[in-house]
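Good morning, and thank you for making time for this presentation. I would ask everyone to have the sequence and the model open while I speak.

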Amino acid sequence: KNVGTLIGAITEYKKVSEKTVISGCIVEKTTVTSSLENEQAYVGAIVGSIGDNSTTTRAADITGCTVSGCTVSSAGYGIGGIVGYASNAENTISSCVVENSEITATKETFGIDKASLGGVAAIYGGTISETKVSNTKITGECASGIVGRLINANDTTATISGCTVEGCDITAPDIAGGITAIINGYEQAPYNGKKVIENCKITEYVTEDNNSKKTTVKALVAGG
């Protein structure tokens, strides 16, 4: 139910100090998809899920990875350019690139309570730093350039720092954001930790022939 090009799900029990390390990996011109319509069906170009809604102790460090020319899609709840789900505050993503890709929800009826899409991560609670998403189309509910739904447990901090979104098309039926679409968003869960978004940039994408493409962020209904 969880799909990733490198790893579908990180579920083996590990202490937080024994994090999985993913470094310097490249995923190019690859289609990553799931047709499973399930709350805990998560898809990412690199990792589908790091833990799940009931096991938040899993964590990973993802650094220096590139996703290029990929199509990432799902009929489930979480679709991310790098990772679908990772709520543990000890997760880190740094110095990564997502470019020239499409991230798409193939089912739109889940609504804002459940669905999430992000150029980097769909549902995330750790730290993302110095990471860029460029010339990428992100379409679905709670869609954003970096993190669709930013969640982390009480007494922890989730941080998005020094990230760039350039030349992306971000479209949602109701809620869309350039950096993140929604903060918290699960009423039944204790995800009220501190959130920090700092030194991020939304800008245009300049092609090799010196043409430019602006980032667009739009919700299709009034009040979005």
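I shall go from the whole chain to its sheet and cores, and then to a few single residues.

Please keep in mind throughout that this is a predicted model. The chain has 224 residues, of which 51% count as buried. As for secondary structure, there are 32 strands and zero helices. The accessible surface comes to about 9500 Å², and carbon and sulfur atoms account for 44% of that surface. How do the contacts spread along the sequence? Among contacts between residues at least 6 apart in sequence, 83% join residues at least 24 apart.

Let me turn to one of the sheets. Strands of a sheet pair through backbone hydrogen bonds, in either a parallel or an antiparallel way. Here we have an open sheet of six strands, in the order S2-S7-S12-S17-S22-S27, and the pairing is parallel. Which strands stand at the edges? They are strand S2, residues 7-10, and strand S27, residues 180-183. Each has a single partner strand, so one side of each is left without a neighbour in the sheet. From one strand to the next, the twist averages 5°.

At the S2 edge, the pairing with S7 is parallel and runs over three bridges. Within it, isoleucine 7 is placed opposite valine 47 of S7.

A further set of pairings centres on strand S8, residues 60-63. Strand S3, residues 20-23, pairs with S8 in the parallel sense over four bridges. Threonine 20 has alanine 60 of S8 as its bridge partner. S8 is also joined to S13 by three bridges, and these two strands run parallel. In that pairing, aspartate 61 stands opposite threonine 92 in S13.

The two faces of S8 deserve a moment. In a regular strand, the side chains alternate between the two faces of the sheet. Which residues of S8 are on the covered face, and which on the uncovered one? Ala60 and Ile62 make up the covered face, while Asp61 and Thr63 make up the uncovered one.

That brings me to the nonpolar cores. The largest nonpolar core has 43 residues, and those touching the most other members are Ile62, Ile82, Val83, Ile93 and Ile146. Several elements give two or more residues to this core, among them S7 (47-50), S8, S12, S15 (102-105) and S17 (121-124). Strands S22 (147-150), S23 (157-161) and S25 (169-172) are also on that list. There is a second, separate core of six residues, including Tyr42, Ile123, Ile151 and Tyr191.

I now come to individual residues, beginning with asparagine 91. This residue is found in the loop between strand S12, residues 83-86, and strand S13, residues 92-94. Is asparagine 91 buried or exposed? It counts as buried, because its relative accessibility is 1%, and the cut-off for buried is under 20%. Its side chain reaches the backbone oxygen of asparagine 88 at 3.0 Å. Leaving out residues up to four places away in sequence, asparagine 91 touches eight others, as follows: Ile50, Arg58, Ala59, Ala60, Ala86, Tyr124, Gly126 and Thr127.

Serine 68 lies in strand S9, residues 66-68. With a relative accessibility of 13%, serine 68 counts as buried. Beyond its neighbours within four places in sequence, serine 68 is in contact with Val27, Glu28, Lys29, Glu99, Asn100 and Ser101.

Lysine 194, in contrast, is exposed, with a relative accessible area of 55%. Lysine 194 belongs to strand S28, residues 194-198. Its C-alpha atom is separated by 9.2 Å from that of isoleucine 151, a residue 43 places away along the chain. Outside the residues up to four places away, lysine 194 touches Asn152, Thr156, Thr157 and Ala158.

Finally, I would point to two loop residues with positive phi. Glutamate 130 has a phi of about 50°, although it is not a glycine. This glutamate sits in the loop between strand S18 (127-129) and strand S19 (132-134), and at 52% relative accessibility it counts as exposed. Aspartate 155, likewise not a glycine, has a positive phi of about 65°. Aspartate 155 lies in the loop between S22 and S23 and is exposed, with a relative accessible area of 80%.

Thank you for your attention.

Terms used
Residues are numbered from 1 along each chain as its sequence is written. This is a predicted model: local features need pLDDT of at least 70, side-chain atom pairs count only at pLDDT 80 or more; totals for chains, interfaces and linings use all residues. Side-chain values use heavy atoms; hydrogens and water are left out. Buried means under 20% relative accessible area, exposed over 50%, partly exposed in between (1.4 Å probe, protein chains only). A polar contact is a pair of N or O atoms within 3.5 Å; within protein, one must be able to donate a hydrogen and the other to accept it, and residues adjacent in sequence count only if both atoms are side-chain atoms. Contact means heavy atoms within 4.5 Å. A nonpolar core is a set of buried Ala, Val, Leu, Ile, Met, Phe, Trp, Tyr and Cys residues joined through side-chain atoms within 4.5 Å. Two strands pair if DSSP finds at least two bridges between them. Axes are lines fitted to C-alpha atoms, for helices over the stretch in contact, and angles run from 0 to 180 degrees between N-to-C directions. Accessible areas come from the Shrake-Rupley method with a 1.4 Å probe; for residues, only the protein chains shown count as cover.
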